[in-house]
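Here are my notes on this one, in the order I'd go through them. Have the viewer open while you read.

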Amino acid sequence: MASILDDEAVVERVLQHISNKTTDEADEVWREPVSNYLCQQRLAGEKQQVMWRWPSVFCPSAALPDKGSYLAREAAGTQLVAVRGTDLKVRVFRNACRHRGMQVATGSGRNSAFVCPYHGWAYQLDGELSHVPHEAGFPGLDKSCNGLVPVEVREQDGLIYVVQDPVPGCWNALEDVPKILNDSQIIFDEQEYVVEANWKIFTEGFLEGYHIKPTHKESFYPFGFDNLALLETFGNNSRITFPFRRIEKLRGAPAEERRVDGRLTYVYHLFPNVMITVLSHFTNILILEPVAIDKTLTRAWTFTNRGKVDSEQAIEDARRDFEFVNNTGAREDRAVVEAIQKSIRSGANEYFTFGKYEKLITHLHRGLDQALADGD
Ligand code: FES
Ligand SMILES: [Fe+2]
């Protein structure tokens, strides 16, 4: 199992970089062909050979809190619906009625059964077809063979993962993923928004600290450093750590006081298209769905960091932090990636060059190339 540094080791490494005026870096430079951001066939491969075959986060467990809680959404081009059953197990189905393919659920909510809005075929929460109105019209229909079609699902450490097109050993990738969420965090915001950029351009923006000073001059940079980040990988996934200046207060502090809360941001990339950002008072789970070659539908769930005890204060602190980030740094990042997308057909670049500080982007592209090659 691949592993990442614990908080104490992170603090140690950050303080060393501050003293030495250094940062984590790779040995190599990566050149990614711009055509890979423009090619429809490449995008189809990224969805069908990578996203369908890799354990991909469908939603957090907390989005399905009760028996009957469901959530429907598109995942790598496929309409799926997840539901927590009466046995508390989460199941995920292809969101299409077995009569003529109507979606049996939209959005999210709580149900005791799925009743197709078209002609009323009804399915239990475990997917079984339980009722067909005027069933005499379908002589020979075997209801037991016409339940909702399941996809493989696992729940691990507060996240629900699906594999739409399983290959042997595909679930082993989850062994690399550490526990990121804790059980007491509360969802206080959910959003869905379109970013007018290829999903990889959007993802790349999370994975390096080289841009912090020029892009976030008045938002993040005053709290942080210029080009100082820890870059770690685990399996095809990665974590980037952005320290705040106040982490220097920990210099010389005894080990038990070296707490990282409020002193750094962790950004986890769960391959291929999920980001989990852990800031001072909130944690964001973002799923970057490619809905077109130049369009990403972002689905976000935002959690408090602190728990259910003192929940009002935890939500207030989280919301304040969240609004600051949304109105400043996140907006700046989005403007950059959308501007890149607008110029991507300018003909200026045959390749995008990712330097030594952009190691985690290289890691993403290596992982994608490998998964595409394996999928052929
Ligand atoms: S399409 Fe669902 S009942 Fe007809
Ligand atoms: Fe940024």
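How much space lies in the second largest pocket? The points below start there and then work round to the metal site. Keep in mind that this is a predicted model.

1. The second largest pocket. The answer is about 510 Å³. It has 21 lining residues, and those closest to its centre are Asn182, Val260, Asp261, Val278 and Asn305. Strand E15 gives the largest share of this lining, with 3 residues. Sorted by class, the lining comes out as 9 nonpolar, 7 polar and 5 charged residues.

2. The largest pocket. Its volume is about 1,000 Å³. There are 40 residues in the lining, with Phe220, Leu279, Val325, Ala330 and Asp333 closest to the centre. The class split here is 21 nonpolar, 13 polar and 6 charged.

3. Who builds that lining. Helix H5 (311-327) is one of the elements that put at least two residues into the lining of the largest pocket, as are helix H6 and strands E12 (187-195), E14 (237-243), E15 (264-270), E17 (282-292) and E18 (295-304). H5 has the largest share, at 6 residues.

4. The iron ion. Asp333 turns up again here: the protein donors of the iron ion (ligand 2) are NE2 of His211, NE2 of His216 and two OD atoms of Asp333, at 2.0 to 2.6 Å. Along the sequence, the donor residues follow the spacing H-x4-H-x116-D. His216 sits in the loop between helix H4 (212-215) and strand E13 (230-234), while Asp333 belongs to helix H6 (residues 329-343), so this pair, 117 residues apart, links distant parts of the chain.

5. Geometry at the iron. Why is the arrangement of the 4 donor atoms around the iron ion (ligand 2) called irregular? The angles they subtend run from 54 to 155 degrees, whereas a tetrahedral call would need all of them between 85 and 135 degrees. For reference, ideal tetrahedral angles are 109.5 degrees.

6. Exposure of two donors. Are His216 and Asp333 buried or partly exposed? His216 has a relative accessible area of 1%, so it is buried. Asp333, at 22%, counts as partly exposed, because the buried class stops under 20%.

7. A small item on strands. E7, E8 and E9 form an open sheet of 3 strands in that order, with antiparallel pairing. The edges are strand E7 (114-115) and strand E9 (129-131), each pairing on one side only. E7 is joined to strand E8 (residues 122-123) by 2 bridges, and Val115 stands opposite Ala122.

Definitions and conventions. Residues are numbered from 1 along each chain as its sequence is written. Chains are lettered from A and ligands numbered from 1 in the order in which they are written. This is a predicted model: local features need pLDDT of at least 70, side-chain atom pairs count only at pLDDT 80 or more; totals for chains, interfaces and linings use all residues. Side-chain values use heavy atoms; hydrogens and water are left out. Donors are N, O and S atoms within 2.8 Å of the metal (3.2 Å for Na, K and Ca); water is not among the atoms, so sites may look incomplete. Four donors count as tetrahedral if all angles lie between 85 and 135 degrees; four count as square planar and six as octahedral if opposite donors are over 155 degrees apart and all others between 65 and 115; anything else is irregular. Helices (H or I, at least four residues) and strands (E, at least two) are DSSP runs, numbered from the N terminus. Buried means under 20% relative accessible area, exposed over 50%, partly exposed in between (1.4 Å probe, protein chains only). On a 1 Å grid over the protein atoms alone, a cavity is a set of points where a 1.4 Å probe fits but cannot get out, and a pocket is an open set with protein on both sides within 12 Å along at least five of seven lines; lining residues have an atom within 4 Å of a point. Grid points are joined across faces, edges and corners, and a volume is the space filled by probe spheres set on the points. Ala, Val, Leu, Ile, Met, Phe, Trp, Tyr, Cys and Pro count as nonpolar, Asp, Glu, Lys and Arg as charged, and the others, Gly among them, as polar. Two strands pair if DSSP finds at least two bridges between them.
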